[in-house]
Amino acid sequence: FFKMARWFRSEPMEYISFIVNEDAAHDCLADLGRMGVIQFTDLNPDLTPFQRRYVSYVKRCDELERKLRYFSNEIEKFELDLVSAGTVDNFVNSPTLVSGTTDATKRSGAQLLESMEAELEQYEGQLRELNNYSEKLTKEYNEKVELQEVLEKARRFFMTDAPRLAVSELTSGPSGTGNAAGLLESEIRPDLDMRFSSITGVVATEEKVRFERMVFRATRGNCYIRFAPIKQPITDPETGAMVEKSVFIIFYKSESIEAKLKKICDAFSAHRYSLPDMDDSSSVDKMLTENAQELVDSRTVLLKNQDTRYRLCQLLAKHTERWTWIVLREKAVYHSLNMFKADVSGMLRGEGWVVSESLDAVRQAVERAHSNMDLTMPSLVDHVPQPWPTPPTHFGTNKFTYGYQEFVNTYGIPRYREANPALFTAATFPFLFGVMYGDIGHGLFLFLSGCYLLWNEKA
């Protein structure tokens, strides 16, 4: 009953000022942060964020956050789950360790950042090197796969479609009779012995229609183009996405058309490949055999690289969440230190609101931080006149009342020492919610779901 009565009014607050040694300031604020009973006042309102005393430490934390986001993205690519760092309460009350080591020696803020920077820099360098190598290997492997497909499909085309095309051109002649037909025939016959030039390559299947239309318009129909789809999708080396591609072969006679076709291929990011004389079957078979062997070797190296990246990401998944929490805590500490003012060299002065009943605990925390650093200069925690604005509102909650308090806070936070509507919400909200769901089946389902969540609360 006493706790519920206290919940009806916000906690009484006191405004204090404390002076701490700069060397002990980090540990002092880390201990105060664990208590969660103080709200600091910014004593440097005229300074921009880039003019603050600890802005370099905040930037270092930002850089560590960037590396951790990079680790998380790489871990997601392998569909790995991050290993849980436990509960937030256990993490906050535990000593500061790096990468899950068992050394329980508490590190200072500077030492912690330096050790994390060195460790994360090493892992990031290894992962980036493996990714760059993987991108290079994937590109080479894709080129060999595409070349193999181009060789096989071009040979099939020259063996089946090309003779049929030649026969159709020979049998088709100009219309007309008499001498006119003879003259035209004498002019056309030498042209039939000319061989077509060709360009072969690979283009994305989704771009096939646009690619064919562009080729037709640029050459005014003076070319012959064929497509053959590649059955297996090809991995994009940059994004890792699977892309459907098709082999194309274009026949033409003019050098000006060749220049246009090359520009169109470059515009559509189509890969062009040079082929040997398809009439020389021995050279084609030799090229196919050599490329197939290189394809097997490239795949072996690529799988080895992928396995190494997977094992590295498994290692990072064990520590990424804990590293993220450590960086967030350090960043919060340095953001709070930026509110302090350096009136005297080597000393920092801070002000803020503290819960009245926790004032003695705050004093002990400040003194303990200085005694752990073996600093002879004493700390000072003292009352100062209450400034204008009104004190902040703080309600002591537990795991039951926290939800109702947050529900009320979404509509508005009560003023200092004002009656707290969350006390009434805790009694009326479940009743009104039950009235709204009057169906016994639905209500039984919600009741059983709630019992299941309570039973597995710690899990």
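Does Val354 count as buried or exposed, and at what relative accessibility? I will start there and work outwards. Keep in mind that this is a predicted model.

Val354 has a relative accessibility of 0%, so it counts as buried. The residue belongs to strand β9, which runs over residues 347-355. On the question of what surrounds Val354, set aside the neighbours within four places in sequence. What is left is Pro12, Met13, Glu14, Ile16, Val37, Ile38, Leu359 and Val362, each in contact with Val354. Tyr15 is 339 residues away from Val354 along the chain, yet their C-alpha atoms are 6.4 Å apart.

Staying on β9, the next residue to look at is Glu351, which lies in that strand. Glu351 is a buried residue because its relative accessible area is 16%, and the cut-off for buried is under 20%. The side chain of Glu351 makes a polar contact of 2.9 Å with the side chain of Arg349. Leaving out residues up to four places away in sequence, Glu351 touches Tyr15, Ile16, Ser17, Gln39, Phe40, Thr41 and Leu43.

Now the chain as a whole. There are 13 helices and 10 strands. The chain has 459 residues, and 35% of them are buried. Take the contacts between residues at least 6 apart in sequence: 80% of those join residues at least 24 apart. The exposed area comes to about 28,300 Å², with 56% of it supplied by carbon and sulfur atoms.

Next, the nonpolar cores. How many residues does the largest nonpolar core have, and which of them have the most contacts inside it? The count is 51 residues, and Phe18 and Phe71 have the most contacts within that core. Several elements supply at least two residues each: β1 (13-21), α2 (25-35), β2 (38-41), α3 (55-77), α5 (109-171), α9, β9 and α10 (359-372). So β9, where we began, is one of the contributors. The element that gives the most is α9, with 10 residues.

Phe71 deserves a look of its own. Not counting residues up to four places away in sequence, Phe71 touches Leu120, Tyr123, Glu124, Leu127, Leu316, Thr320 and Trp323. Apart from the largest core there is another, of 17 residues, which includes Leu147, Val150, Ala154 and Val202.

On to the aromatic rings. A search of the whole structure gives 21 aromatic pairs. I will show two of them. Each is described by the distance of the ring centres and the angle of the planes.

The first one I picked is Phe91 with Trp325, an edge-to-face pair with 5.3 Å between centres and 70° between planes. Phe91 sits in helix α4 (residues 88-93) and Trp325 in helix α9 (residues 281-337), so this pair ties together parts of the chain 234 residues apart in sequence. Phe91 itself is buried, at 5% relative accessible area.

The other is Phe211 with Phe248, a tilted pair, 5.0 Å centre to centre with 50° between the planes. These two residues are 37 apart in the chain, Phe211 in helix α7 (residues 208-219) and Phe248 in strand β7 (residues 245-252), and the pair links those distant parts. Is each of these rings buried or exposed? Phe211 is buried at 0% relative accessible area, and Phe248 is buried at 0% as well. Both belong to a cluster linked by ring pairs, made up of Phe211, Phe227, Phe248 and Phe268.

One more ring before leaving the topic. Arg128 lies over the face of Tyr70, 4.2 Å from the ring centre.

Last, two backbone points, both in loops. Ser269 has a phi near 55°, which is positive in a residue other than glycine. Ser269 is in the loop between α8 (255-267) and β8 (271-273). With a relative accessible area of 55%, Ser269 is exposed. Arg417 also has a positive phi without being glycine, with a value near 65°. Its loop runs between α11 (401-409) and α12 (422-436). At 38% relative accessible area, Arg417 is partly exposed.

That is the set I wanted to go through.

Key:
Residues numbered from 1 in each chain as written. Heavy atoms only, no water. Helix = DSSP H or I, 4+ residues; strand = E, 2+ residues; numbered from the N terminus. Buried < 20%, exposed > 50% of the residue type's maximum accessible area, 1.4 Å probe, protein only. Contact = heavy atoms within 4.5 Å. Polar contact = N/O pair within 3.5 Å; in protein donor to acceptor, adjacent residues only side chain to side chain. Phe/Tyr/Trp six-rings, centres within 6.5 Å; stacked < 30°, edge-to-face > 60°. Lys NZ or Arg CZ within 6 Å of the ring centre and 35° of its normal. Core = buried A, V, L, I, M, F, W, Y, C linked by side-chain atoms within 4.5 Å. Areas by Shrake-Rupley, 256 points an atom, 1.4 Å probe, with all protein chains shown as cover.
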